[in-house]
Amino acid sequence: QVQLVESGGGLVQPGGSLRLTCAASGRIFSFKSMGWYRQAPGKQRDLVAEITGGGTTNYADSVKGRFAISRDNARNTVYLQMNSLKPEDTAVYYCHLQQVIITAPYDYWGQGTQVTVSS
């Protein structure tokens, strides 16, 4: 079993910054990707940013140039630095990890952390 623990959400004014942290623990065998999704009320859960085991990053168009994802391999931890936050960034942010075990993909999710951008 894999556990993902998120932290760092909160209330911030437009233009402000937050850093989200996701620490993974448990039986991690073959890390494929780790990243963040978000879900606003009444909307689907969408990818925000991810980083692969090889270090390749992928961002949603709406956050490019404002958000940066990074990882600490030794601690199985991923960070999301969010700058120039906008009200439309308000959502619950979920950490996601995918690993592959004997060709089968397994997806794991954190409990979510609320990010609210408002004046």
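**Exercise 1. Decide whether S33 is buried or exposed in this predicted model, and find its surroundings.**

*Solution.* Start with the relative accessibility of S33, which is 8%. Buried means under 20% relative accessible area, so S33 counts as buried with its 8%. Next, place the residue: S33 belongs to strand β4. Finally, look for its partners beyond four places in sequence. On one side of the numbering S33 touches E50, I51 and T52, and further along the chain it also touches H96, L97 and Q98.

**Exercise 2. Work out where D89 sits and what its side chain contacts.**

*Solution.* Let's take this one in four steps.

1. Location: D89 is in the loop between β8 (77-82) and β9 (91-101).
2. Burial: the relative accessible area of D89 is 1%, so this loop residue is buried.
3. Polar partners: the D89 side chain forms a polar contact with the side chain of R38 at 2.9 Å. A polar atom of the D89 side chain also lies 2.8 Å from the backbone nitrogen of K86.
4. Wider neighbourhood: leaving out residues up to four places away in sequence, D89 touches R38, R66, F67, S84, V115 and V117.

**Exercise 3. Describe the largest pocket: its volume, its central residues and the make-up of its lining.**

*Solution.* Begin with the space itself, which comes to about 170 Å³. The lining has 13 residues, and those closest to the pocket centre are R38, A40, K43, D46 and E88. R38 should look familiar, as its side chain is the one in polar contact with D89.

Now sort the lining by chemistry: 5 residues are nonpolar, 4 are polar and 4 are charged. Then ask which strands contribute. Both β4 (31-39) and β5 (46-52) provide at least two lining residues, and β5 gives the most, with 3 residues.

**Exercise 4. Compare S84 and T103, two residues with positive phi, by angle, location and exposure.**

*Solution.* Set the two side by side.

| Residue | Phi | Location | Exposure |
|---|---|---|---|
| S84 | near 50° | loop between β8 and β9 | partly exposed, 41% relative accessibility |
| T103 | about 70° | loop between β9 and β10 (104-109) | exposed, 75% relative accessibility |

Neither is a glycine: S84 has its positive value as a residue other than glycine, and T103 is not a glycine either. For the last column, exposed means over 50% and partly exposed lies between that and 20%. T103 at 75% is therefore exposed, while S84 at 41% is partly exposed. You have met S84 before, since it is among the residues that D89 touches.

**Exercise 5. Characterise the whole chain: its elements, its overall dimensions and its contacts.**

*Solution.* First count the elements: the chain has 0 helices and 11 strands. Read from the N terminus, the order is accordingly β-β-β-β-β-β-β-β-β-β-β.

Second, check the dimensions. A compact globule of 119 residues would have a radius of gyration near 14 Å, and the chain agrees because its own value is 14 Å. The box filled by the C-alpha atoms, taken along the principal axes, is roughly 50 × 25 × 25 Å.

Third, turn to the interior and the contacts. Buried residues account for 39% of the 119 residues; S33 and D89 from the earlier exercises are both buried. Among contacts between residues at least 6 apart in sequence, 54% link residues at least 24 apart.

How values were computed
Residues are numbered from 1 along each chain as its sequence is written. This is a predicted model: local features need pLDDT of at least 70, side-chain atom pairs count only at pLDDT 80 or more; totals for chains, interfaces and linings use all residues. Side-chain values use heavy atoms; hydrogens and water are left out. On a 1 Å grid over the protein atoms alone, a cavity is a set of points where a 1.4 Å probe fits but cannot get out, and a pocket is an open set with protein on both sides within 12 Å along at least five of seven lines; lining residues have an atom within 4 Å of a point. Grid points are joined across faces, edges and corners, and a volume is the space filled by probe spheres set on the points. Helices (H or I, at least four residues) and strands (E, at least two) are DSSP runs, numbered from the N terminus. Ala, Val, Leu, Ile, Met, Phe, Trp, Tyr, Cys and Pro count as nonpolar, Asp, Glu, Lys and Arg as charged, and the others, Gly among them, as polar. Buried means under 20% relative accessible area, exposed over 50%, partly exposed in between (1.4 Å probe, protein chains only). A polar contact is a pair of N or O atoms within 3.5 Å; within protein, one must be able to donate a hydrogen and the other to accept it, and residues adjacent in sequence count only if both atoms are side-chain atoms. Contact means heavy atoms within 4.5 Å. The radius of gyration is taken over C-alpha atoms; the globule rule is 2.2 Å times the number of residues to the power 0.38.
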